[in-house]
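Trainee: Could you take me through this model and show how its computed features should be read?

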Amino acid sequence: MRGNSAAVRPGFLMKCWPQTQLGELEAPLFAAYAGQRQHHLPDSARRSSTWSSRYRSRILARQLPKLKLVNSPSVTIYPLIPTSTQQEEAMADKSAPQTDYTRWRMKSDHGRQTWHYLKTDEELKAWPQSISDKYFLGMDTGLPELPTPKTPLEGAFNGISFFSKLQVESGNWACEYPGPMFLTPGFVITMYVTKTPIPQEWKTELIRYLVNRANPHDGGWGLHVEDRSTVFGTMMNYLVLRICGMEADHPVAAKARKRFLELGGPRYAPQWAKTWLSLLGLYKWEGVNPMPAELWAMPNWVPWHPWRWWIHCRMVFLPMSYLYSKKTVFPPTELIHQLRKELYTTDFDSIDFSIHRNTICELDLYHPHSPILKVLNNALVSWEKYLRPNWLKNYSTGIVLDLIKREDLDSDYNCLGPVNNPLNMVVAYLEEGPESEAFKRHQERLEDYMWVNHEGMFVNGTDGLQCWDTGFFIQAVAATGMIEKPEYRDMLQRSLEFLEDQQIRENCADQSSSYRHIRKGAWPFSKRVQGYTVSDCTAEAVKAVLLLQNTPNKVFPKLISDRRIYDSIDVLLSLQSTDDGFSEYEVSRVGDWIEHLNAAEVFGKIMKSYTVPECTTAVVTGLKLFSESYPDYRADDIAKAIAKAIAFVKVTQGKDGSWYGSWGICFTYAAMFALESLEILGESYENSDSVKRGVEFLLSKQMDDGGWGESFQSSVTAVYHHHEKSQVCNTAYSCIALMHSGYPDRKPIERGIKLIMQRQQANGEWLTEAIEGVFNRNCMIAYPNYKFIFTIKALGMFAKRYGNLPIL
């Protein structure tokens with residue numbers, strides 16, 4: 001139902017219409033039910049002019065899904081929100097208060113990126129605003145126009161010239177990482193319940209971001225910035241507005257409240273939202289499906305033990321299981337009492353929350369509960385009520401608490417990401433107190449996730465992409481053949497120094513007990529102290545380091561020793577899973593069957609570490625480049641790993657010749673990686689059926705203007721969806737893929753290169769277009785630097801393969 005608004009089918013209304021607003025519907029609904037099921041209301045209900053709230057909610061929750069609606073109104077679903085510049089400008093509410101953007105500064109300290117608002121003129125003089133600060137904030141950078149490029153290398157040179165100005169103090173490239181709309185609420189709620197002050201400048205910009213990002217049709221927010229409004233996104237961000245000081249009768253708040261009530265309100269929210277609401281005292285734990293800490297007390301050999309789950313899933317479940325087992329509720333404040341009236345249209349204390357454990361709005365639901373999970377949830381409810389001894393509960397929560405503390409220490413309180421970070425902070429507040437070292441460190445680390453852009457402030461998807469983007473950009477420069485140019489030497493030297501600083505040097509203190517993979521020698525996604533091995537980040541960093549340290553004229557120093565490079569290779573080889581592919585953080589520890597226990601509702605494929613073509617290709621190419629410089633180190637192991645990995649890439653190819661991308665959008669992104677890996681073994685369009693089918697798939701998607709444009713719906717549906725407009729990122733991915741394939745006809749590639757050059761601005765930059773990334777199939781996330789990295793790489797590769805021909 002993309003594009004035009006549409007009336008929802010009856011099944012949707014039955015699942016999403018709020019019971020508290022069904023007064024006009026109750027008589028026909030129950031009449032319909034009586035006719036279909038011979039249902040008889042109790043005498044007390046028939047005599048009463050109004051049924052009891054508890055009885056009414058119980059009947060509606062259990063029976064509405066079975067009914068056929070009779071003469072009922074419909075709920076309107078509004079269009080998805082594009083993120084084009086024009087749409088952003090149309091959405092912007094100039095009436096929203098704004099801070100003075102000339103006072104914001106982004107500090108980069110050994111990869112730690114934090115935003116600061118300067119209060120005095122003395123501070124402004126002492127800390128001038130940098131070009132990168134201005135760029136991140138959407139201000140005029142003052143960078144000059146460059147000579148109009150005619151050839152690919154001239155375009156690449158202009159792109160590098162612009163992007164080099166965005167290098168930050170630590171030597172890396174920084175950027176925002178927005179997209180998910182459920183992260184900021186967790187931070188704001190955590191600060192509220194732990195009495196952590198929210199700076200006024202944060203409040204102002206948090207509100208402004210939500211005002212700018214509200215759906216212009218219905219006033220709500222979705223799971224991510226391009227999503228339709230959902231209960232999860234709308235209700236949780238409504239809480240942010242209210243906690244940050246927006247009044248309930250403000251037009252933005254009133255419109256959002258109207259929308260989430262139309263969709264069902266808190267009782268129709270997914271599990272994660274109900275968890276946060278229960279902490280606040282805006283929901284009750286009996287309406288949340290079980291998250292028992294006892295799962296962590298099981299023997300490690302149990303096939304469904306949480307240690308086997310995907311790391312993001314288990315590290316979120318960890319503190320949630322603690323809070324659930326404790327049934328933690330913070331004392332209600334005056335605001336909470338007000339919110340109970342705003343979130344519900346019936347008396348809060350009269351609601352039977354226990355019947356809403358499985359209630360969820362259809363717009364929120366992506367992954368329904370499996371029959372097995374439903375049975376298990378019901379059994380666990382009985383277990384908790386009637387069978388579980390207190391000693392076991394206490395023992396289990398002790399295990400969980402110990403693992404939470406280990407996570408805090410192993411990540412220097414960064415935690416894995418912005419979902420478990422605030423949850424762990426809540427646990428530290430409860431267990432160790434507001435004056436404890438652990439809690440204070442958590443308070444400091446909140447800053448690592450906050451970002452400010454032209455629309456306001458929000459929580460990033462991680463604490464940054466520092467290592468990831470830096471490794472990629474070094475390779476992009478190398479692809480142009482300009483890696484030894486004197487004007488780039490300082491820039492690349494600083495980037496090498498950054499990667500040297502960010503390599504992880506030691507394993508976790510108690511690795512096996514923490515269920516962590518080895519990390520000595522690895523590179524993380526963001527910064528070293530975060531402490532998580534990532535396979536493709538390590539591989540891309542290894543390639544970048546080797547390209548710099550092994551330049552023909554040795555223009556860069558050897559900062560990273562052979563031994564440290566060997567450590568990286570050891571990590572990479574340890575990450576190959578039994579299906580011969582590579583995942584991100586660790587090997588796959590469980591089979592696909594575990595997805596039957598996926599309780600998240602809004603995400604798909606989150607229960608195991610899935611092996612994917614992107615990570616597999618990154619490792620393969622990293623190992624290949626390493627073996628060329630170090631042919632004697634673990635040569636047999638590397639050869640076997642590469643052979644098996646490429647076999648995996650072939651197996652995962654679809655019948656139509658495509659590969660599904662798990663971290664970027666989507667099929668064009670994955671093809672870029674997959675065809676590069678096949679090139680390593682000498683496979684090309686001329687001699688490989690896999691390559692030929694991959695190429696034909698890409699060519700079939702080229703648009704009339706010569707570019708490629710892929711919608712995020714490709715990720716959601718696993719079927720290719722054209723974007724309404726070609727995108728420079730998808731075009732760059734496709735051109736790179738076709739060049740790796742050895743496709744003999746230059747014309748389709750040249751058309752793509754021409755589009756990339758036409759979209760380049762006079763100062764060398766490319767503008768932001770549609771969102772670039774995805775995780776868990778259903779949540780989109782931005783990779784703003786891809787529009788520089790892969791465009792420059794594509795231009796450089798074209799010039800190297802076909803000559804630096806005039807294109808424009």
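Mentor: Contacts, meaning heavy atoms within 4.5 Å, can be sorted by separation in sequence, and in the protein chain residues 24 or more positions apart account for 75% of the contacts with a separation of 6 or more. This is a predicted model, in which local features need pLDDT of at least 70 and side-chain atom pairs count only at pLDDT 80 or more, while totals for chains, interfaces and linings use all residues. Residues are numbered from 1 along each chain as its sequence is written, and side-chain values use heavy atoms, with hydrogens and water left out.

Trainee: What pLDDT does the protein chain average?

Mentor: pLDDT is the predictor's confidence in each residue, from 0 to 100; the protein chain averages 90, and 88% of the residues score at least 70. Over residues 1-74, however, the pLDDT is below 50, although this stretch has 122 contacts in the model beyond near neighbours in sequence.

Trainee: Why is helix α26 described as largely enclosed by the rest of the structure?

Mentor: Buried means under 20% relative accessible area, exposed over 50% and partly exposed in between, with a 1.4 Å probe and protein chains only. Helix α26 is largely enclosed because twelve of its 14 residues are buried, among them Phe667, Tyr669, Met672 and Glu676.

Trainee: How does the span of α26 (residues 667-680) agree with what is expected?

Mentor: Helices are DSSP runs of H or I, at least four residues, numbered from the N terminus, and the expected span is 1.5 Å times one less than the number of residues. For α26 this gives 20 Å, and the end C-alpha atoms are 20 Å apart, which agrees.

Note on methods. Helix = DSSP H or I, 4+ residues; strand = E, 2+ residues; numbered from the N terminus.
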